[in-house]
Amino acid sequence: MATVFEMIINGDIPSTRLYEDDECIVILDINPVQKGHALVISRKCYPTFTDVPMETLSHMMEIARKVDMKQREALHAEGTNIMINNSPASGQEVPHLHIHVIPRYAGDGKTPAMSKGTYGEGEAAEYGKLLHL
Ligand code: AMP
């Protein structure tokens with residue numbers, strides 16, 4: 001079954017399109033964290049960050065940076081959150097790779113929900129070993 005983003009790309013459902021090229025499109029998120037919240041979406045449906053070819057991902061990041069600059073210029077955004085929810089366990093609702101670019105303002109109280117914790121004694125070193133690249 002086609003993802004909602006494939007339907008948007010095919011023109012089957014409407015969207016507010018900000019940009020498009022051969023690799024990706026940029027639309028406004030229908031439920032913005034802040035007005036102007038944009039999604040950079042791969043034209044081809046790659047479910048996750050791990051599935052997308054590096055060249056496409058690099059290109060999408062380049063476009064995300066342009067969106068960031070535009071939000072700063074046109075909306076006077078003071079910062080942005082640039083995020084990928086990667087697989088359902090992370091909160092990804094649409095299994096079609098997309099980068100969120102969310103305009104942010106000092107004190108806007110919109111920090112994307114992340115409950116931060118702490119490491120116990122020696123745990124950071126353990127995780128450091130597990131994740132060492
Ligand atoms: P994620 O949770 O990272 O998969 O994000 C999916 C995003 O797509 C959510 O922020 C939704 O608000 C957004 N979304 C879902 N349907 C539409 C639509 N028809 N047009 C624009 N954005 C949408």
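**Exercise 1. Polar contacts of the ligand**

Which polar side-chain atom lies 2.9 Å from an oxygen atom of the ligand? Find it in this predicted model, then work through the backbone partners and the buried area.

*Solution.*
- Step 1: start with side chains. The atom belongs to N85, whose polar side-chain atom is 2.9 Å from a ligand oxygen. With the cut-off for a polar contact at 3.5 Å between N or O atoms, the pair counts.
- Step 2: go on to the backbone. A ligand oxygen has a backbone N or O atom of V94 at 2.9 Å, and a ligand nitrogen has a polar backbone atom of I30 at 3.1 Å.
- Step 3: check the cover. On its own the ligand would expose 500 Å², and the protein buries 87% of that.

**Exercise 2. The shell around the ligand**

Work out how many residues surround the ligand, and which element gives the most to the shell.

*Solution.*
- Step 1: count. With a heavy-atom cut-off of 4 Å, you get 16 residues around the ligand. D29, E93, V94, H98 and H100 are the closest.
- Step 2: sort them by type. Eight of the shell residues are nonpolar, six are polar and two are charged.
- Step 3: map them onto the fold. At least two shell residues come from each of α1 (4–9), β2 (24–28) and β5 (98–104). The top contributor is α1, with three residues.
- Step 4: place the ligand. It sits in the largest pocket.

**Exercise 3. The overall layout**

Write down the order of the elements from the N terminus on.

*Solution.*
- Step 1: tally the elements. The protein has three helices and five strands.
- Step 2: read along the chain. The order is α-β-β-β-α-β-β-α.
- Step 3: get the dimensions. The C-alpha trace spans about 55 × 35 × 25 Å along its principal axes.

**Exercise 4. Two residues and their contacts**

For G36 and H59, say where each one is found and what each is in contact with beyond four places in sequence.

*Solution.*
- Step 1: locate G36. Look in the loop between β2 and β3 (38–42).
- Step 2: list its contacts. Beyond four places in sequence, G36 touches L28, Q71, L75, V101 and P103.
- Step 3: take a distance. G36 and E23 are 13 residues apart along the chain, and their C-alpha atoms are 22 Å apart.
- Step 4: repeat for H59. This residue is in helix α2 (residues 54–74), and its contacts beyond four places are D21, E23 and C24.
- Step 5: take one last distance. H59 and N10 are separated by 49 residues in sequence and by 21 Å between C-alpha atoms.

Note on methods
Residues are numbered from 1 along each chain as its sequence is written. This is a predicted model: local features need pLDDT of at least 70, side-chain atom pairs count only at pLDDT 80 or more; totals for chains, interfaces and linings use all residues. Side-chain values use heavy atoms; hydrogens and water are left out. A polar contact is a pair of N or O atoms within 3.5 Å; within protein, one must be able to donate a hydrogen and the other to accept it, and residues adjacent in sequence count only if both atoms are side-chain atoms. Accessible areas come from the Shrake-Rupley method with a 1.4 Å probe; for residues, only the protein chains shown count as cover. On a 1 Å grid over the protein atoms alone, a cavity is a set of points where a 1.4 Å probe fits but cannot get out, and a pocket is an open set with protein on both sides within 12 Å along at least five of seven lines; lining residues have an atom within 4 Å of a point. A molecule sits in a cavity or pocket if more than half of its atoms lie within 2 Å of its grid points. Helices (H or I, at least four residues) and strands (E, at least two) are DSSP runs, numbered from the N terminus. Ala, Val, Leu, Ile, Met, Phe, Trp, Tyr, Cys and Pro count as nonpolar, Asp, Glu, Lys and Arg as charged, and the others, Gly among them, as polar. Contact means heavy atoms within 4.5 Å.
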